[in-house]
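User: I have a structure here and would like to know what stands behind the labels people put on it. Can we go through them one by one?
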Amino acid sequence: MTTIINHVAVPLLAEVDVLVIGAGSAGCVAALAAAERGQGLSVMLVERYGFPGGTSTQMLDTFYGFFTPGETPRKVVGGWPDRVVNELDKTGNIFLRPNTYGAGTGVNYNPERLKLVWDQLIQQQGIRYLLHTTLIDVNSAGERYSCVFWNKGGFCKVLARRVIDASGDADFCHLAGFAYERAGEHEPAQSMTTTFRMSNVDLDEYERAGGKKMLVRAMQEAVDSGHHPLPRKEGSAHEMNAKMCISTVAVKVAGLSALNAETLTQAEIEGRRQAFVYEDFFRDDVPGYQESNIIGLSHQIGVRETRRVYGEHRLTKDECLAGLLPNDRIFLCGAPIEDHRQGADGSSETYWEYIPGAGVYGVPYGTIVPKGSQTVWVVGRCFSATHDAHASCRSMAQTMSMGQAAGLAAVQSLRNDEPANAIAIKQLQEDLLQLGAVLDVPDAVADTSRNGWRHNVPARHIYNVA
Ligand SMILES: Cc1cc2nc3c(=O)[nH]c(=O)nc-3n(C[C@H](O)[C@H](O)[C@H](O)COP(=O)(O)OP(=O)(O)OC[C@H]3O[C@@H](n4cnc5c(N)ncnc54)[C@H](O)[C@@H]3O)c2cc1C
């Protein structure tokens, strides 16, 4: 552990039982699960930006990973992730959308509404919630961790008995001295994407002009003629939960580290540049888009991976592809490996590999416990997995599931005095099942057939939780 700051001199803000760093999809659910289960224990959630949700609200609008892909979809995630979707569903702010690339049916939502939903759920559970506050240093203080944050009021310190690192970049684990792999160390890191949204798109005109086939042709012609130098001819654009608006995952910035401020600055600049190359192309070459504009870029460039912590267990590609259901599983995943990478020739490509057989694997508890940890968990995109296993197990239904398991485990650890790396797994699994988590592959095929592009379709009620 490298201490940068004199913790003694920093004012004490709080002493808490469970501290969650980062309010992304994983962190919000970790705090919610811990607060609900741990009545009487104090739970604090700290986030560097001014709103919750992380990637779920900064740049995206579709939860993947609830369903397995293919003709016989199974719903493989439940519990708190369902309750989040239910809250969105109450206001009619979801619809299910088929994924053109085969990651399974997605749950589309309005990301601005989701910020409100996260806020409300967090407040309902009595969580101490602090925005605009960044973790910058960690020290051990007896059996607790002393975590130093910075915000506009200066430095402050929180003493925590249990910590859940949900920072996406494993900032806590890095500062506390846990071992991790940096993306790009062994295989090329997944590329980054600035997402953008366009308004005033006439999708009827677009469909009449040939839809997707026409778009693919137009992209090829734009590149061949040099008229619009699109960095990439793949990606996706889809209708949003707002009329005549579309959202994209098209930009691709590869070969730059998101852990270095200088290269991350270059990536932000390049992501914005690419977004407007696409805007010019859409307006000039694609019917239905003539009068459209970019109305929003992602809050920051989308970062798929940075640090992956070495845990008590490391999820591997072989385990995913074997469809293993280990005894200590804490959630399921059926998403294919989806690796956004740069080809050896510098070209952009996305590599897909599906989970064979039932198309599902179970994720062991040890993947959310940093190696040797007694009081710390790591959840979300910095959990313990190899590059290619991570490329499958990073959708938000799965990151929320990791949070759910860590929240319950932290409470169990406090209540029963069990170290993080020696939790009574059967108890944790029982508690997960009680919440509605799915730990066995369901027999029933989920009926997603009647879902359309609008929220007012019957299938939206599949998220009703008793
Ligand atoms: C471009 C892109 C497209 C994707 N598309 C999809 C998709 O369509 N559907 C899907 O399901 N998944 C998708 N994914 C994957 C998925 O969104 C992510 O894996 C997931 O959202 C990660 O959640 P997280 O909570 O682990 O991290 P994050 O969402 O990154 O949350 C981490 C949070 O911690 C905060 N934080 C960071 N450092 C600190 C600090 N030091 N102090 C305090 N707070 C801190 C951050 O501000 C953030 O709010 C996509 C990812 C990207 C990048």
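Analyst: Sure, and we start with a definition: two strands pair if DSSP finds at least two bridges between them, where strands (E, at least two residues) and helices (H or I, at least four) are DSSP runs numbered from the N terminus. This is a predicted model, so local features need pLDDT of at least 70 and side-chain atom pairs count only at pLDDT 80 or more, while totals for chains, interfaces and linings use all residues. Residues are numbered from 1 along each chain as its sequence is written, and side-chain values use heavy atoms, with hydrogens and water left out.

User: What makes strand 4 and strand 5 a pair?
Analyst: Four bridges join strand 4 to strand 5 (residues 106–109), and the two run antiparallel. The cut-off is at least two bridges, so they count as paired. Within that pairing, arginine 97 stands opposite glycine 106 of strand 5.

User: Why are strand 3 and strand 4 called edge strands?
Analyst: The open sheet has three strands in the order 3-5-4, with antiparallel pairing. Strand 3 (62–63) and strand 4 (94–97) each pair on one side only.

User: How do you know that phenylalanine 63 and tyrosine 109 are a ring pair, and why is the pair called tilted?
Analyst: Rings of Phe, Tyr and Trp (its six-membered ring) pair if their centres lie within 6.5 Å; planes under 30 degrees apart are stacked, over 60 edge-to-face, and the rest tilted. Here the centres are 4.5 Å apart and the planes sit at 35 degrees, so the pair is tilted. Phenylalanine 63 lies in strand 3 and tyrosine 109 in strand 5, so the pair ties together parts that are 46 residues apart in sequence.

User: Why is phenylalanine 63 called buried?
Analyst: Buried means under 20% relative accessible area, exposed over 50%, and partly exposed in between (1.4 Å probe, protein chains only). Phenylalanine 63 has 0%, so it is buried. Tyrosine 109 is buried too, with a relative accessible area of 0%.

User: And what makes phenylalanine 281 and phenylalanine 282 a tilted pair?
Analyst: Their ring centres are 5.4 Å apart and the planes are at 55 degrees, so this pair is tilted. Both residues are buried, and ring pairs link them with Tyr206 and Tyr289 into a cluster.

User: How do you know that lysine 115 lies over the face of phenylalanine 51?
Analyst: The rule wants NZ of Lys or CZ of Arg within 6 Å of the ring centre and within 35 degrees of the ring normal. Lysine 115 is at 4.3 Å from the ring centre and lies over the face. Arginine 307 lies over the face of tyrosine 180, at 5.3 Å from the ring centre.

User: What makes the approach of threonine 68 to arginine 74 a polar contact?
Analyst: A polar contact is a pair of N or O atoms within 3.5 Å; within protein, one must be able to donate a hydrogen and the other to accept it, and residues adjacent in sequence count only if both atoms are side-chain atoms. The threonine 68 side chain reaches the backbone nitrogen of arginine 74 at 2.8 Å. Threonine 68 is in the loop between strand 3 and helix 3 (80–90), and it is buried at 4% relative accessible area.

User: Which residue with a positive phi is called exposed, and why?
Analyst: That is aspartate 417, whose phi is about 55 degrees although it is not a glycine. At 65% relative accessibility, it counts as exposed. Alanine 170 also has a positive phi of about 55 degrees, but at 0% relative accessibility alanine 170 counts as buried.
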